[in-house]
Each structure stands twice: as structure tokens, then as C-alpha cells.
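I open a fresh page for this structure. My plan is to look up a few strands and one helix, and to write down what I find.

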Amino acid sequence: MIRYKAIISLAALIFLFVGNTSSQEKQQSFKPGELWPDNNGVHINAHGGGILKYEGTYFWFGEHKTEGEAGNRANVGVHCYSSKDLYNWKDEGIALAVSQDPESEIVKGCVIERPKVIFNQKTKKFVMWFHLELKSMGYKAARTGLAVADSPTGPFRYIKSLNPNAGQWPINFTKEQKEMQFPANLKSWSVEWKNAVANGMFIHRDFEKGQMARDMTLFVDDDGKAYHIHSSEENLTLHISELNDDYTDFTKNFATVMPAGHNEAPAIFKKEGKYFLITSGCTGWTPNAARSFVADHILGPWTELGNPCRGTEEEMKTTFESQSTFILENPDNTGQYIFMADRWRPKNAIDGRYIWLPILFEEGKPTLKWMDNWDLSNIDYVTSLND
Ligand code: DGJ
């Protein structure tokens with residue numbers, strides 16, 4: 001009798017297990033803004049994320065959010081998922097865990113945002129940089145943090161954080177700008193203040209201790225050189241900084257982009273020898289209109305191309321209710337580009353959604369149009385820059 005019961009229980013368990021896995025339907029398309037279940041049927045938890053392709057597998061790293069408003073702080077760490085096709089993602093767990101040690105810079109309750117991972121061919125290490133705000137300091141510290149791993153899924157070891165480029169002027173600074181003196185107490189947002197910011201008032205202020213680094217991304221160029229791109233100078237100016245050969249430090253070679261332009265959320269890609277940036281304005285968790293820029297060299301000069309969104313007024317004003325985080329080049333070897341953005345849910349951070357859209361081109365400009373449901377095979381109108 002006992003044996004008979006055991007067999008029944010085992011059969012029930014098998015049924016439950018098989019039932020569960022098969023109920024997790026295989027996804028065959030992107031559905032921007034909807035819940036996006038992972039292999040366990042749980043909504044993907046990798047916000048402000050970026051993707052690394054390594055040996056034929058995609059790895060998606062992002063902020064692990066928790067419930068409620070406090071869920072925007074780093075209570076858990078950086079989450080990693082893997083996928084072969086970009087539609088179906090396997091939970092690989094926490095790649096970089098927050099520390100329980102109150103002395104650690106990445107102690108639970110700090111802010112870890114927009115983690116990005118690149119692979120270094122020379123050292124064979126996986127290198128993660130992320131925006132770090134020290135616990136209980138709001139967004140004042142504006143540091144960039146570094147963690148390194150031997151495997152793409154981690155565990156990543158926290159190495160250090162810093163304010164980049166201490167003691168260095170940007171390469172596009174003039175002699176006059178280096179020698180400029182700024183009047184104290186300029187009224188914020190006045191014309192004089194904006195001019196002073198555009199001429200590097202905050203670079204002067206932070207010259208000794210290093211520059212601010214908030215919203216960020218990473219980019220590896222065709223020659224293997226990597227760049228750290230971040231909002232600096234109180235979010236007024238973007239900085240593009242070259243990383244050293246093993247990607248674990250800054251070379252102090254950096255340029256400013258759109259001084260006093262107030263850009264956040266940088267996402268970059270390269271197409272046909274040109275570099276394109278898509279950014280947002282600065283309105284906290286509330287979405288605003290995206291901006292786009294083009295350059296022939298990564299360190300600039302950059303030219304403004306305007307709002308890349310096409311659609312209704314509301315869609316254009318809010319970037320389809322989202323904010324850029326990353327652009328994935330050549331997904332599935334199609335030569336296409338995917339714009340990745342976050343639809344934040346600040347009151348319940350874990351409920352944030354992902355807006356992935358194909359980048360289309362109009363007269364050499366990257367453009368974005370809303371799609372409810374799309375896949376890589378039906379984007380045959382993603383064409384060359386000159387169409
Ligand atoms: C906008 C940034 O892009 C986000 O990453 C986050 O820092 C929020 N601001 C915080 O308000």
C-alpha cells in the first residue's frame with residue numbers, strides 16, 4: 001500500500017514538473033511593454049540593462065529590482081540571464097551580489113544602476129562597470145564601480161569605484177577653457193550659468209577629485225578599444241572616456257559631448273563607420289523625449305540629429321514611455337540593431353517593463369517606431385544609412 005502511494009506521489013510530481021515546464025510557452029517575438037517571462041515563468045528582472053554576446057550566447061545583465069519604491073535601491077545585486085535567440089531567457093541568477101558588510105561600498109541599500117559587461121580578449125576576463133551611489137548619500141557620490149569575473153554569469157568580484165579622469169582636461173578643451181575663472185554663485189539655469197557649464201565650470205570644480213559618473217554604458221570598438229560613456233557634470237554633459245587595455249581603468253583620455261546639453265541614459269552603436277548615440281533628457285524616472293547624435297570618431301565632434309521617435313505626439317514626447325539603456329548590434333547575425341529601453345515603475349520598481357524596438361533608418365538618421373509585436377525576421381525594412 002505504502003509503495004503504491006509512493007508511486008502515485010512520484011507520478012504527481014512528474015506531472016507537475018512536466019506540466020510546469022511545458023506551460024512556459026516558447027516566445028517567438030518581442031512584445032514591448034508586456035510582462036516578459038523567463039524560463040521559470042517569472043518576469044525578467046534586469047533593468048537598466050545591457051547585453052554581451054559571448055560564444056554564441058547572449059547574456060543580459062541588469063538591475064535586480066524589488067517591490068515598492070525602495071525596490072529601486074540595490075537590495076540584491078546585478079541579475080544575469082542567458083539566451084540563444086533573444087526571445088527566451090534563462091535565469092542565471094545574481095552575477096554581482098550586494099555585500100552584507102556595512103563597510104563595503106556595495107553594501108545592501110546602496111544604488112547600483114545600468115550595469116554593463118564586456119569581455120577582454122587579452123585577460124579573458126568579463127569586466128562589469130556600473131553606476132554606483134554610496135548608501136545614504138542620495139545621488140551625490142556619482143561614482144563608477146568595477147567588478148570582474150572569469151565566467152559571464154559570474155560570480156563577479158567587486159574591485160573598486162572611482163570618479164574618473166582626476167587631474168585631466170578633456171581632449172576637446174581649449175587653452176582658454178583650461179584657464180577660465182568662473183564667478184561664484186551664478187544663478188542655476190541662468191544664461192550665464194549655462195555658458196559657464198558649457199565652458200567646463202564643473203570640470204574645473206571636480207578637476208582634483210575626478211569627474212562625476214552617473215548614467216552609463218560601455219562600448220568596444222572594432223580595434224578592441226573600450227569606452228565608458230556617462231553623464232557627468234551634474235548630468236549636464238556626457239563624457240566619453242577611453243578604458244585601458246584590460247578595461248579595468250581609465251586612460252584619462254576623454255572628451256565631452258554636448259556640453260550643458262543635459263543628456264542621460266546614453267546608448268551607442270556603430271554603423272557603416274559612423275557612431276550613433278541615443279540619449280534622454282533628465283527627468284528622473286519620468287520619461288521624456290529621446291535625442292540622437294552622430295559622429296565620425298567616437299571622441300567627437302558629435303552632431304545633433306533630433307528626436308529619433310516617430311509616432312503620435314505623446315509617443316514622441318515620452319519615447320514610447322521609456323528611457324534608453326543599450327543598443328544591441330547585429331542580433332542573430334542579421335546586421336540589424338535593437339534599441340533597448342526601460343519603462344520604469346518607480347512606485348513598484350520590480351514591475352518595470354522593457355521596450356525593445358528595431359532601429360530603422362530615415363535619411364541616414366536612426367528612427368524608432370512603436371511595434372506591439374515583432375521579430376527579427378520581419379524587419380526587412382531596416383536598411384542602410386543611405387536609403
Ligand atoms: C534617471 C536615470 O536614467 C535612472 O537610471 C535613474 O538614475 C533615475 N534617473 C533616478 O531618478
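How many bridges join strand S11 to S12? I count five, and the two strands run antiparallel. S11 covers residues 237-243. I note that this is a predicted model.

I pick out a bridge next. Which residue in S12 is the bridge partner of leucine 243? I find phenylalanine 250 there.

Now I look at the whole sheet. I see an open sheet of four strands, in the order S9-S10-S11-S12. The pairing is antiparallel. Strands S9 (216-220) and S12 (250-257) stand at the edges. Each has a single partner strand, so one side of each is left without a neighbour in the sheet. I also look up the turn between neighbouring strands of this sheet: on average it is 25 degrees, direction ignored.

I note a general point here. Strands of a sheet pair through backbone hydrogen bonds, either parallel or antiparallel.

I move to helix H3, residues 191-198. Which residues of H3 are buried? I list Trp193, Ala196 and Val197. Why do they line one face of the helix? Seen down the axis of H3, they fall within an arc of 100 degrees, so they line one face. I check the other side of H3 as well, where Val191 and Glu192 are exposed.

What covers the buried residues of H3? I find that the cover includes helix H4 (201-205).

My last entry concerns what follows H3. I find glycine 200 there. The phi of glycine 200 is positive, near 95 degrees.

Methods: Residues numbered from 1 in each chain as written. Predicted model: local features only at pLDDT ≥ 70, side-chain atom pairs only at ≥ 80, totals over all residues. Heavy atoms only, no water. Pairing = 2+ DSSP bridges. Axes fitted to C-alpha atoms, helices over the stretch in contact; angles between N-to-C directions. Buried < 20%, exposed > 50% of the residue type's maximum accessible area, 1.4 Å probe, protein only. Arc of directions from axis to C-beta. Contact = heavy atoms within 4.5 Å.
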